[in-house]
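Here is a short note to help you find your way around a structure you have not met before. Please keep the 3D view open as you read, and look up each residue as it comes along.

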Amino acid sequence: MSDEPIMRERPMDENTPRFDADRRDFLAKSWKAGIFLIGAAGTWTSWDLLQPTDEGGLGAVIAAAARGDILDGTTIYVRASQSYLTVIDGEVIALWQRCPHLGCRVEWCASAGGFECACHGSTFNRAGEHVSGPSPRSMDRFEVAVVDDVVEVNTGAIIEGGPSGVFTLDEMPAGESCSGSEA
């Protein structure tokens, strides 16, 4: 008797399909194909995220708005530069949306006429000067230039906010607070 295994073939008729691969081999190939397809689908759907953007984001110079769109006494939000633009005494300033306390997003509250941090309750006037709350200083600013009647915000040049309690703007937040408490 020899040590070679005996291979027996099942009798096949003409209606029985013939597969050369066994079940394990089939499942291994199926798993590999499935993983490849999931990776390909992930790459396909993420392709736009992998492309460089023209906006630049923080650290770049952003063409934020036309100078005529920002009126004295108004405040507009510019998402591309993550800043609020306002005009004070004829000068356009860009206030970074980040609260100096712990970095939460500061929101403009039109009814109060100032900025409010919903996380910890710091309030700032329209010039970004610290009025109340735990913030250690006023809101940070970005450098601004008006070129050909377009306001350009340099998000790479951050100007640290001044100390608390120093006011250059003679308008304090007044009216109903957006968080529900009186300013």
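The numbered points below go from the overall chain to its strands, its cysteines and its charged pairs.

1. Let us begin with what kind of model this is and what it contains. The model is a predicted one. Its chain has one helix and 10 strands. Reading from the N terminus, the order of the elements is α-β-β-β-β-β-β-β-β-β-β, so you will meet the helix ahead of the strands.

2. How much of the chain is buried? Of the 183 residues, 29% are buried. The accessible surface of the chain amounts to about 12,600 Å², and carbon and sulfur atoms account for 55% of that area. Taking the contacts between residues at least 6 apart in sequence, 48% join residues at least 24 apart.

3. Strand E3 is a good place to look next. This strand covers residues 83-88, and six of its six residues are buried. On one side are Ser-83, Leu-85 and Val-87, and on the other are Tyr-84, Thr-86 and Ile-88. Both faces of E3 are covered.

4. Which way do E2 and E3 run relative to each other, parallel or antiparallel? Strand E2 (residues 75-78) and E3 run antiparallel and are joined by four bridges. If you would like a landmark in this pair, find Ile-76, which stands opposite Leu-85 of E3. The hairpin of E2 and E3 has four residues between the strands, and Gln-82 there takes a positive phi near 50°.

5. E3 also pairs with E4, in the antiparallel sense, over six bridges. Here Thr-86 is the residue to find, as it stands opposite Ile-93 in E4. The two strands E3 and E4 form a hairpin with two residues between them. In that turn, Asp-89 has a positive phi of about 50°.

6. Now for the cysteines. The structure holds one disulfide, and its partners are Cys-104 and Cys-119, with sulfur atoms 2.2 Å apart. The disulfide is left-handed because the torsion about its S-S bond is about -105°. Cys-104 sits in the loop between strand E4 (91-96) and strand E5 (106-109), while Cys-119 sits in the loop between strand E6 (114-117) and strand E7 (123-124). The two cysteines are 15 residues apart, and the pair links distant parts of the chain.

7. Are the partners of the disulfide buried or partly exposed? Cys-104 counts as buried, at 15% relative accessibility, whereas Cys-119 is partly exposed at 43%.

8. Please look at Cys-99 and Cys-117 too. Cys-99 is in no disulfide, and the nearest cysteine sulfur, that of Cys-117, is 3.9 Å away. A disulfide here requires sulfur atoms within 2.5 Å, which is why a pair at the distance of Cys-99 and Cys-117 does not count as one. Cys-99 is buried, with a relative accessible area of 0%. Cys-117 is likewise in no disulfide, and it is buried with a relative accessible area of 4%.

9. How many salt bridges does the structure hold? There are three salt bridges. One of them joins the side chains of Lys-29 and Asp-25, at 3.6 Å from N to O. Both residues lie in helix H1 (residues 23-50), where they are four residues apart, about one turn of the helix. Lys-29 is exposed, with a relative accessible area of 54%, and Asp-25 is partly exposed at 32%.

10. Another salt bridge brings together the side chains of Arg-105 and Glu-107, 3.3 Å from N to O. Arg-105 is partly exposed, with a relative accessible area of 35%. Glu-107 counts as partly exposed as well, at 36%.

11. The salt bridge left to visit is the one that Asp-140 forms with Arg-137, the closest N and O atoms being 3.1 Å apart. Asp-140 counts as buried, with a relative accessibility of 3%. Arg-137 has 18% relative accessibility, so it counts as buried, the limit being under 20%.

Terms used. Residues numbered from 1 in each chain as written. Predicted model: local features only at pLDDT ≥ 70, side-chain atom pairs only at ≥ 80, totals over all residues. Heavy atoms only, no water. Salt bridge = Lys/Arg side-chain N within 4 Å of Asp/Glu carboxyl O. Buried < 20%, exposed > 50% of the residue type's maximum accessible area, 1.4 Å probe, protein only. Pairing = 2+ DSSP bridges. Contact = heavy atoms within 4.5 Å. Areas by Shrake-Rupley, 256 points an atom, 1.4 Å probe, with all protein chains shown as cover.
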